[in-house]
Amino acid sequence: MPHAARSALPPGTPAPGSTSSPRATGTGPARPRRVGTALAGAGAVVLLGLVAACSPLPYEPPATPAAQPGQDAEPVDEAPAEPTAPGAPACTTLEASRAAGGGSDVDPATFPTGPTTATFADDAIHPIADAPTPRLPVTVESADGRQVEVTDVSRIIPVDLYGTLGETVYSLGLGDNVVGRDLPTGFPEAADVPVVTGAGHALDVEAILGLDPSVILTDATILTDDVRGQLESSGIPVVYFDGARTLEGIDDRIRAVATALGVPEQGEALVERTDRQICAALSAVPKETGRPRVAFLYVRGSAIKMLFGPGSGADDLIHEIGGEDAGTAIGLTQEYAPVTSEAIITAAPDAYLVMTTGLESMGGLDAMMAIPGLAQTPAGAARRVVDMDGSRLLTFGPRTGSTIASLVEAFYGVPAPELPVS
Amino acid sequence: MSAPVTSPAGAPQDGSAPVPDAAPDEGDRSARVGPAVGRGRRRAARWLTVGLGVALAVLTVVSGMTGQVPVSPAEVLGSLAHHLGLDWGPMPSHPQGENALWVVRFPRVVLAIVVGAALACSGALMQGVFGNPLAEPGVIGVSSGAAVGACAVIVTAGALVPGTWVAAAAFLGGLVTTFVVYALARAGGRTEVVTLVLTGIAVNAFAGGMLAFFTFVADPAAREQIVFWQLGSLGGATWKSVSIVLPIAAVGVTGAMLVRRRMDLLALGERAAQHLGVDVERLRQLVIVLVALLVSAGVAFTGIIAFVGLVVPHLVRMVCGPSHRTLIPASVLGGAVVLLAADLLARNAVANVELPLGMITSLVGGPFFFYLLRRTRSRQGGWA
């Protein structure tokens with residue numbers, strides 16, 4: 001999971017590297033001892049420079065609390081009911097949902113305690129249309145600024161780290177055209193489609209070319225610069241999408257995928273349904289959640305503890321279900337970071353959110369609580385651990401509504417609301 | 001190594017060669033050195049030991065007081081006193097302060113001391129038995145060998161394998177690798193620097209291949225443990241890991257203290273040592289087992305932490321000469337100080353974040369290694 005956003009897909013072609021420093025060419029071996037001392041000095045300077053350069057890289061001082069709109073807004077009152085475009089439901093954020101009168105009446109005393117597995121009542125893909133006929137060709141702007149002409153969508157390969165694009169293509173009703181997939185796009189409808197990612201979340205270019213796709217949809221969560229160059233020089237149309245995984249970006253990504261595949265009407269319909277599902281899910285969030293502080297953790301072994309923070313998408317989800325993201329609260333400024341045991345104790349989360357496979361690989365709850373620092377928090381004392389299928393957690397695709405509903409059920413014991421499927 | 005042997009034994013600041021300047025109970029050599037130098041070094045050794053002891057005590061207290069969970073120095077002392085049964089001083093005011101100290105911070109501090117001492121001691125011993133100043137667990141591949149053993153167990157038995165198994169496998173891997181390196185790098189009773197370093201390259205390359213293979217076949221959980229092994233970290237320190245590592249390291253350090261006199265004799269050359277009544281072969285085998293013990297203690301729960309075993313003994317020699325009588329205890333103290341300081345940096349340099357400890361020691365140790373090369377080159381024409 002912590003491989004997200006590897007290449008930033010800069011617009012244009014930067015061609016990095018090639019800045020060899022042409023210095024220290026003519027220093028003869030004048031006085032070895034002085035050279036040695038100078039080298040030692042230079043080593044120290046390089047070291048200091050490294051430390052200085054490294055420390056601000058992961059973290060800037062927590063003075064900028066991540067300019068996220070509505071992050072610090074009071075949950076219930078004073079959420080401005082902003083006028084939105086007619087047709088779009090004005091309840092796709094928790095604030096808006098509550099302002100519109102949403103929220104269930106649940107006594108916080110009845111919230112579940114202890115370990116909970118988030119489940120999905122309905123895990124199926126519900127295509128918005130039945131094999132719609134695309135209008136082609138279309139020319140779309142890829143996320144890196146290129147104009148890409150798509151003439152044929154009979155053989156689609158949608159791949160990214162989270163399965164978002166695959167989920168979107170299937171939800172648009174074009175699932176039968178998908179010839180290759182990533183691992184998270186593993187729902188029953190796609191299970192027979194060959195996987196084009198090898199070990200370690202890398203794209204296997206030869207596997208992709210072997211499937212003879214007519215269009216490739218992907219984004220920066222899985223691309224490397226090499227693969228990008230290979231794909232583009234193959235002549236197959238490659239369309240990139242925004243790699244950020246946030247609640248806000250869902251609608252635009254669905255629209256962009258639908259447009260690139262020549263089915264914009266179905267895209268609009270899917271956006272509308274996705275929004276309605278998110279609204280329905282958010283309306284089930286209790287009016288009084290007590291703002292539980294939730295730490296989204298990725299733990300491997302006792303020495304690797306990754307805590308997710310602002311921009312990871314986890315912060316968004318936690319905020320929308322009425323909680324407080326622990327990573328953001330202790331001043332992390334990047335998506336995830338290897339944290340110390342004491343940082344987790346300081347964060348004092350009320351609950352841990354983990355991926356089901358991660359919990360299993362740790363050896364279960366007891367093994368997780370044996371890791372220094374995890375048991376020494378309110379969440380650890382209450383053994384409050386919510387685990388969820390990792391392929392559903394950070395997808396931010398058309399099924400986000402059911403992800404939120406499942407989280408709401410797991411955190412507050414509210415029966416998952418019925419989501420509109422048409 | 002051949003060069004320093006021929007240089008006058010008492011050459012001042014001959015820091016890079018593990019040759020004893022003057023074992024005082026040997027008349028002929030100390031006569032050449034002169035009493036002044038010998039006394040000066042002995043005084044320096046005493047001051048160094050005392051200084052390192054004080055530094056270790058201070059650093060231990062500072063480490064105990066530093067961390068993300070705010071605990072004041074008085075509260076740390078109060079908590080310690082309460083655990084010793086004294087109702088004295090304030091308890092930590094942070095709700096998890098007591099836990100932060102006793103579950104997270106203190107085991108980590110203790111483990112840093114034990115591992116640092118074990119690594120530096122193994123470096124000093126290894127340099128003595130190889131008769132070679134560049135011998136170091138990380139450089140000649142013994143750490144990698146131990147890592148291969150540990151990772152083999154992690155891969156075959158799964159990521160949830162008990163820590164004792166991993167430690168045992170690390171010991172076996174370290175032992176086998178030490179013997180292999182020793183056998184391969186030795187020719188005609190000598191270990192040339194170039195041969196040793198090249199052997200280290202070969203062993204490290206092979207171990208790297210094995211680790212890559214294990215990384216390839218491992219499931220994701222085991223894979224991340226393998227990666228962690230190569231980074232080195234004290235982040236997972238618990239009392240349980242301390243309870244396993246501490247006895248191993250204690251045996252190793254005690255053994256090293258017992259053989260240090262004979263190590264000095266060995267440094268005179270094999271034949272001389274033989275004539276002085278040392279069973280050279282048995283001593284060598286004993287020291288290699290000690291080295292493997294110490295290295296396995298140094299890596300079992302913390303992964304590969306390079307260069308501590310190289311830097312610390314060299315620094316000690318620069319101050320008080322190469323006699324093992326002072327080198328071993330001073331290295332033990334020095335290693336504990338260095339690793340405690342490095343870990344303090346690793347967990348506090350960037351707020352909330354755990355920096356890889358092996359990264360820090362390598363960033364410091366690599367340039368130091370380079371400095372040693374240059375220094376020896378300028379003084380003795382280099383290591384042939």
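**A parallel sheet and a shared nonpolar core**

In chain A of this predicted model, three strands form an open, parallel sheet in the order 4-5-6. Strands are DSSP runs of E with at least two residues, helices are runs of H or I with at least four, and both are numbered from the N terminus. Two strands count as paired if DSSP finds at least two bridges between them. Strand 4 (156-159) and strand 6 (238-241) of chain A each have a single partner strand and stand at the edges, so one side of each lacks a neighbour in the sheet. From one strand to the next, the twist averages 15°. Angles run from 0 to 180 degrees between N-to-C directions, with axes fitted as lines to C-alpha atoms, for helices over the stretch in contact.

Strand 5 (residues 215-219) of chain A runs parallel to strand 6 of chain A and is joined to it by four bridges. Within strand 6 of chain A, A:Y240 is the residue opposite A:T218. Helix 6 (residues 250-260) of chain A packs on the sheet and touches strand 5 and strand 6 of chain A. Its direction makes about 170° with that of strand 6 of chain A. Contact here requires C-beta atoms, placed from the backbone, within 7 Å.

Chain A holds 15 helices and twelve strands. Of its 422 residues, 48% are buried, meaning that 20 or more other C-beta atoms, placed from the backbone, lie within 10 Å of a residue's own. Among chain A contacts between residues at least 6 apart in sequence, 69% join residues at least 24 apart.

The largest nonpolar core (buried Ala, Val, Leu, Ile, Met, Phe, Trp, Tyr and Cys residues joined through C-beta atoms within 7 Å) has 225 residues. A:A295, A:L307, B:C121 and B:V245 have the most contacts inside it. Helix 5 (residues 97-130) of chain B gives the largest share, 22 residues. Domain 1 (94-123 + 290-412) and domain 2 (138-262) of chain A both contribute, so the core lies between them. Domain bounds come from an automatic or database assignment. Leaving out residues up to four places away in sequence, B:V245 touches B:L111, B:V114, B:V115, B:A297, B:A300 and B:F301.

The complex has an ipTM of 0.71 and a pTM of 0.74 from the predictor. Chain B has a mean pLDDT (the predictor's confidence in each residue, from 0 to 100) of 81, and 88% of its residues reach 70 or more. Confidence in chain B is lowest in helix 1 (residues 2-6), at a mean of 38, and highest in helix 14 (residues 324-348), at 92.

Residues are numbered from 1 along each chain as its sequence is written, with chains lettered from A and ligands numbered from 1 in the order written. Local features need pLDDT of at least 70 and side-chain atom pairs 80 or more, whereas totals for chains, interfaces and linings use all residues.

Conventions: Contact = placed C-beta atoms within 7 Å. Buried ≥ 20, exposed ≤ 12 C-beta atoms within 10 Å, placed from the backbone.
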